[in-house]
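Biologist: Pick one part of this model and take me through it closely, please. Keep the cut-offs in, since I'll want to compare them with my own scripts.

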Amino acid sequence: MNCIVVDDEPLARAEMRSLITETSKIDILGEFSNAPSALDFLKDNDVDLIFLDIEMPLVTGLEFAEMLPKGSLIIFTTAYSQYALKSYELEAVDYLLKPIDTERLQKAIDKAILYTELLSKETVKNTVESNTADFLFIKAERRFYKISFSEIKFIEGLKDYVVIHTRQQKLITAMNLKTIHQKISGENFIRVSKSYVVNMNYIDSFDNHNIYVEDAEIPLGEVYKADFFTKFAGGLLNPE
């Protein structure tokens, strides 16, 4: 896997380069101080992953992300937490707050590598063949997988696909999040953001901004927050 770093601060770029080199074997193809320069580079070079600052002159990171092809994988790196939900609306792989922790960066890179592997396989042709009140049948690589709802921890929207995270495996299928949510019966599954549906039985903890399922950090969208606090906390907690 390769990447580029886009940040208007020279020290931030140097730190990002050092962290990436320390935590992974990703090749850094280039570093850019602004989005237009990065965009020119992308016209002639294949880049797997973009580490992208948000508050930059000329074109912000969010504006730049909207210009990129749908298949682009982005990890936002910023000192400002208020853009997190917007970043997930843009289907970013992850959102890292500066100063960036090495372990947190490694998780984000591992996630990007996983997505690259999933999207490069024939499994992108997976389809949901049928569903009952208790499970789904997913066709993948000429085989049918029976996915019990009770085994699903959460479902993540990824570009034009969804990734079903179960206790044993991850399966990617060509379907949007709304459609697969409608196929899953029962009251345990709740939409918590534009990109996530969570099985409430697997929630370990939460705060006003995120839900934690084992080592996964799932954003809690403003639009979905009141419904989540009502269904999961029984209205006993104040989301404000």
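Modeller: Two strands count as paired here if DSSP finds at least two bridges between them. Strands are DSSP runs of E with at least two residues, helices are runs of H or I with at least four, and both are numbered from the N terminus. Bear in mind that this is a predicted model: local features need pLDDT of at least 70, side-chain atom pairs count only at pLDDT 80 or more, and totals for chains, interfaces and linings use all residues. Residue numbers start from 1 along each chain as its sequence is written, and side-chain values use heavy atoms, leaving out hydrogens and water.

OK, let's do the open sheet. Its five strands pair in parallel, in the order 2-1-3-4-5. Strand 2 (27-32) and strand 5 (94-97) sit at the edges with a single partner strand each, so each has one side without a neighbour in the sheet. On average, neighbouring strands are turned by 20° against each other, ignoring direction.

Zoom in on strand 5: four bridges tie it to strand 4 (residues 73-78), and the two run parallel. Thr77, for instance, has Leu96 of strand 5 as its bridge partner.

Now for the helices, with contact meaning heavy atoms within 4.5 Å. Axes are lines fitted to C-alpha atoms, for helices over the stretch in contact, and angles between N-to-C directions run from 0 to 180 degrees. Helix 1 (residues 10-23) packs on the sheet, touching strand 1 (2-6), strand 2, strand 3 (49-52) and strand 4, and its direction makes about 175° with that of strand 2. Helix 2 (residues 35-44) packs on the sheet too, against strand 1, strand 2 and strand 3, at about 155° to the direction of strand 1.
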